[in-house]
Amino acid sequence: MSLKAIDLFCGCGGLSTGLAAAGFEVVAGIDSWPDALKVYRANHESPDHHVIQHDLSDEASSIELIKTYSPFLITGGPPCQDFSNAGQRKEGDRADLTVKYANIVSAVRPTAFIMENVSRAQHAEAFAMARNILRDAGYGLTMLVLNASLCGVPQLRKRLFLIGLQNSADDFLLEALQSGFAQKPMTMRDYFGDSLGLDHYYRHPRSYSRRGIYSMDEPSSTVRGSNRPIPPGYKKHDNDTHEPDASVRALTFEERARVQTFPAGYFDVPCSKAAKEQMIGNAVPVELGKYVATRLYDYVVSNGYAAIKKPEAIAA
């Protein structure tokens, strides 16, 4: 018996890649973004792994489609742009997709689900509604904000995970998630060694009040969906780790994808650079997805939710 999973709002496939590495059998990735699905398809499509372009805002047709797979696990990260940092924007159509995701899960009723989002989503009305829908559908819930740098990713990226399991107590997975944290944040040098030939690199700041030069001996800041070279005449910020000289450059797209822990060559697909940048900015880091999925896999197997022996090669 395999543990079949479907990845909703799959994007280019960061979470799907992590799920597969943890031992789940990903049988479908579903999204409405054609460019992201080109990348997903190139890396994942097979006779046993379908790649489907579909509008998940249409609940009725989505439920009908997903039920045909009888998944053990549904995962997904509904788009989060409407969850603003300072709460200045109203929650709009994209926030509503969080509720639609919950409605789809409650209708299909997989044994388990994983929903991820930006950390600030936990304070949103739409997220609270979704959580209540899922609790009413009989799921025990574990909710936790994870720092990716403690979960095998060289990046200070915080993501909110809501994990549900039928007929289970709340916080069922909390100890397993927390007990696996690294003792210290993973730095860029921990992950890349000296392979990039850099001691310091440039990351374009959001404003002139922030630094732009970072050390390889610290985690990367959150990878965003855009990148720029160091501008001529850049003036050193007080918090920069090095002078802006010829030894400092911006990371390439491929290097930024690796910071998201995608395998080398994952994005070798004909597609615009702007679209690819947005993909990696939106993606769940592969190793973060694997971290969560591995602990869920171990839990459901060891607690009798699935009659399957975990392969030794996948053991965490």
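## One side of helix H5

In helix H5, four residues are buried (under 20% relative accessible area, with a 1.4 Å probe and protein chains only): Ala126, Phe127, Ala130 and Leu134. They sit on the same side of H5, because they cover an arc of only 95° around the axis; the arc is that of the directions from the helix axis to the C-beta atoms. A handy general idea helps here: an α-helix has 3.6 residues a turn, so residues three or four places apart point the same way. On the other side of H5, you can find Glu125 and Asp136, which are exposed (over 50% relative accessible area).

H5 runs over residues 125-136, which makes 12 residues. From its first C-alpha to its last it reaches 17 Å, close to the 16 Å expected at 1.5 Å a residue. That expected span is 1.5 Å times one less than the number of residues. Helices here are DSSP runs of H or I with at least four residues, numbered from the N terminus. After H5 comes Gly138, whose phi is positive, near 100°.

## How the model was read

This is a predicted model, in which local features need pLDDT of at least 70 and side-chain atom pairs count only at pLDDT 80 or more, while totals for chains, interfaces and linings use all residues. Residues are numbered from 1 along each chain as its sequence is written, and side-chain values use heavy atoms, with hydrogens and water left out.

## Salt bridges

Side chains of opposite charge can pair when their charged atoms come close. A salt bridge is a side-chain nitrogen of Lys or Arg within 4 Å of a carboxyl oxygen of Asp or Glu, and by this rule the count comes to 14. Among them is a network that links Arg189, Asp194, Asp199 and Asp217.

## Three pairs to look at

Start with Asp190 and Lys184, whose side chains meet in a salt bridge at 2.9 Å, N to O. Asp190 is partly exposed (between the buried and exposed cut-offs of 20% and 50%), with a relative accessible area of 44%, and Lys184 is partly exposed too, at 48%. Next, Glu218 pairs with Arg211, with the closest N and O atoms 2.9 Å apart; both of these residues are buried.

The third pair is Lys273 with Glu277, where the closest N and O atoms are 3.0 Å apart. These two are separated by about one helical turn, because they are 4 residues apart in helix H9 (residues 273-282). Lys273 is exposed, with a relative accessible area of 52%, whereas Glu277 is buried, at 4%.
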